[in-house]
Amino acid sequence: MKVETKFGDSKVIIETGRLAKQASGAVVVTMGETVILATAQASQERREGIDFLPLTVDYQERFYSVGRIPGNFFRREVGRPSEKETLTSRFIDRPCRPLIAKNWSYETQVIAQALSVDDKYDPDLLAMLGASAALTLSDIPFNGPIAGVRVARLEGKLVVAPTQAQLELADLVLIIAASEDAVVMVEGGAKEAKEADILEAIFLGQKAVAPLLEIQRKLAQESGKIKRPIPEVNRDDALIAKVKADYHAAMLEALTTKEKQARQRHVHELGVRVKTELLETHPESDLDLAVAVHELEGDILRGLILEKGQRIDGRELTEIRPIQCEVGYLPRAHGSAIFTRGETQSLGVATLGTSYDDQRLDTVIGDSSKAFMLHYNFPPYCTGEVKRLGAPGRREIGHGALAERALRAVLPPHESFPYTIRVVSEVLESNGSSSMATVCSGSLALMDAGVPIKAPVAGVAMGLVVEGDQVVILTDILGDEDHLGDMDFKVAGTKEGITAVQMDIKISGVTREIMTKALAQAKEGRLKVLQAMAKTLKTSRTEVSPYAPKTTIIEINPEKIKDVIGPGGKVIKAIQAETDTRLEVEDSGKVTIYAPTQEKAQAAVDAVRRHTLSPEVDKVYSGRVVKVVDFGAFVEILPGTDGLVHISQLSTERVQRVSDVVKEGDVFDVKVLGIDKAGKIRLSRRALLEENGR
């Protein structure tokens, strides 16, 4: 079975029934020469006693898809997923997860593989389309379909499904995932876009995916499987109601404890108390009691917000927690800042390096490098927990990518500030919005390091609580409000506009009205955070850290590049070793010198100049004899440049043998008599001797 539709300037084809037929749902998605295989499968055995959806989503890229062999030692796709694969897996998971039926407790796995990739379209959103189609066809109770699309703005005009070439020129790029009724996920960035621009792009994207949703429905009508029944949950509703009634006051007191650790401890102690007091009379109801306590917690938090406009920490709905900022905290770091908002704290550290420090990326859509990196670390102590330390997980990579996107928009051009920049966020405390705290600490750290960013950037996380017709939007959400609420909408930007957005929801979707209000409220919050940051540091420092490499840029004649490099890199390696610097030479003749001190930078400049000078007629040079022949001596007057002192020009007296006057290694002054069309240089020692009366 095959369905197709026009999408952007190409055609999308979804096929099922040819590949991976033993999977519950399997499709092949084709656009241009890009081909994705996506499968969905659920186990036959239920997992008992869990309160979460056991869903795993994996996106994989195969290098054969672009006719390449992996460059690692094993010559195969091994080890951890790449950052690209991890981020793609995340944004497929995020819109799909809320649409799988509640109480679904079967292990569920979605795998999307890039089998063929052209250089026109990124395969990631085709993978999202394939995942949705596979789930829609399968026997898994999925309330889809959904589809994703990129919307970019080029020269003021919004473009749906832009090509890779167009993305390079865009000043706004959003990924929008949507169902027929609502937007379910947003991810992207911009160069200080207005809220109205973001809204226009989002809902253009929602409209654009309609044909992709239609062909999935058509395919499901023809080839879809009967959905499995949603497992019934054996709940003791009477017991749950009793817990909610008898312990409401105690939970209200515990939940409105302002300090996070104390609040969690009180809620935990109440849960233990409930089980202790009721398990004796209800010995088979351990799970029901846990469910009752969790639901009571959610009922109270949401009820306070919806009915009384109150939050558990006592703030107003639009109020931001107290903010404290400090810069220059680490004496040897190039730039550092501590940003604390309530009980969320991030230590941002900026490091300046050279192009040798660029991150090299090897992906199926091509090799590239990054001169700006932001890494987000979330150690267990930041939430008062004990866990095994390991490599960054999907959450850390995703939060780091969001903050990186928010700050990249304000970085100076590499031509004017030729440093490789790394920012690390160490989350030291966390009670909601640690990724947005990372944006703030990262912005301050960059300014402290002397990076001339266009403007400071701040971020704020918005929340949502919806019950029927009641809708409340929260500014600067706590961890509990994120966990028990319906939306996490992160917005980062400058005073002038938005640089990054990310929206995740737990309900079926959000409307334009809700999103308009959330963006307006987020702008108010962002401006308040920027005002608080400005009290500590308003603009970037005028000088980089004394511990950062010093950068000097000079221009040389492109024809002289070979002289600076030398055979096998001999000359440039010698300059770097002698001056303790790093040199980068571009084909245009631009030479960038990185040095630990200004004195060493000048030494490298002088060395480069010596190798790029051109000899001038009538000018005197100090030369070294490099070769003696019967008719004269060859003397090096500039690095890599020598000329001939004829035997008649060696002395004011008659010379019988050259070796009677000079030998290899001798150093003396010579004058340039002339340079012929072939570039051969005539030198004279005699002329200088005569001028000096010798």
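In this predicted model, helix H1 passes helix H2 in a right-handed crossing. H1 spans residues 83-96 and H2 spans residues 124-137. Their axes lie 10 Å apart and pack at an angle of about 40°. That angle makes H1 oblique to H2, because angles under 35 degrees would count as roughly parallel. From H1, the contact is made by Lys84, Thr88, Phe91, Ile92, Pro95 and Cys96. H2 contributes Asp124, Leu125, Ala127, Met128, Ala131 and Leu135. By class, nine of these residues are nonpolar, one is polar and two are charged.

A second helix pair is formed by H8 (residues 260-278) and H9 (residues 286-308). Their axes come within 10 Å and cross at roughly 140°. H8 and H9 are therefore oblique to each other, since roughly antiparallel begins over 145 degrees. The crossing of H8 and H9 is right-handed. On the H8 side, the contact involves Val267, Gly271, Val274, Lys275 and Leu278. These meet Asp286, Leu289, Ala290, Val293 and Glu297 of H9. The contact of H8 with H9 has six nonpolar residues, one polar residue and three charged residues.

Several charged residues are buried. Arginine 321 sits in the loop between H9 and strand S11 (323-327). Its relative accessible area is 5%, so arginine 321 counts as buried. The side chain of arginine 321 reaches the backbone oxygen of asparagine 431 at 2.9 Å. A polar atom of that side chain also lies 3.5 Å from the backbone oxygen of glycine 432. Beyond four places in sequence, arginine 321 touches Asp313 and Arg315. Its contacts also include the run Arg341, Gly342, Glu343 and Thr344. Asn431, Gly432 and Ser433 are touched as well, as are Asp476, Ile477 and Leu478. Threonine 344 is 23 residues from arginine 321 along the chain, and the two C-alpha atoms are separated by 9.5 Å.

Aspartate 486 occupies the loop between helix H12 (479-484) and strand S20 (487-493). With a relative accessible area of 7%, aspartate 486 is buried. Its side chain joins that of arginine 302 through a polar contact of 2.9 Å. Apart from neighbours within four places in sequence, aspartate 486 is in contact with Arg302, with Leu464, Val465 and Val466, and with Ile505, Lys506 and Ile507.

Glutamate 481 lies in helix H12. The relative accessible area of glutamate 481 is 3%, so this residue is buried. Leaving aside neighbours within four places in sequence, glutamate 481 contacts Leu301, Arg311, Arg315, Leu474 and Asp476. Arg315 and Asp476 also appear among the contacts of arginine 321.

Backbone geometry was examined next. Most residues other than glycine have a negative phi, and most peptide bonds are trans. Asparagine 103 has a positive phi, near 75°. This residue is found in the loop between H1 and strand S6 (106-116). At 46% relative accessibility, asparagine 103 counts as partly exposed. Aspartate 580 likewise has a positive phi, near 60°. Aspartate 580 lies in the loop between helix H15 (570-579) and strand S23 (582-585). Its relative accessible area is 41%, so aspartate 580 is partly exposed. The peptide bond from glycine 144 to proline 145 is cis, with omega near 5°. Proline 145 belongs to the loop between H2 and strand S7 (147-154).

Glycine 32 provides a further loop site. This residue is found between strand S3 (25-31) and strand S4 (34-46). Glycine 32 counts as partly exposed, at 47% relative accessibility. Not counting residues up to four places away in sequence, glycine 32 touches Ser10, Lys11 and Asp118. Aspartate 119 lies 87 residues from glycine 32 in sequence, yet their C-alpha atoms are 9.7 Å apart in space.

Methods:
Residues numbered from 1 in each chain as written. Predicted model: local features only at pLDDT ≥ 70, side-chain atom pairs only at ≥ 80, totals over all residues. Heavy atoms only, no water. Axes fitted to C-alpha atoms, helices over the stretch in contact; angles between N-to-C directions. Helix = DSSP H or I, 4+ residues; strand = E, 2+ residues; numbered from the N terminus. Parallel < 35°, antiparallel > 145°, perpendicular 65-115°, else oblique. Left-handed = near helix turned anticlockwise from the far one by under 90°. Contact = heavy atoms within 4.5 Å. Nonpolar A, V, L, I, M, F, W, Y, C, P; charged D, E, K, R; others polar. Buried < 20%, exposed > 50% of the residue type's maximum accessible area, 1.4 Å probe, protein only. Polar contact = N/O pair within 3.5 Å; in protein donor to acceptor, adjacent residues only side chain to side chain.
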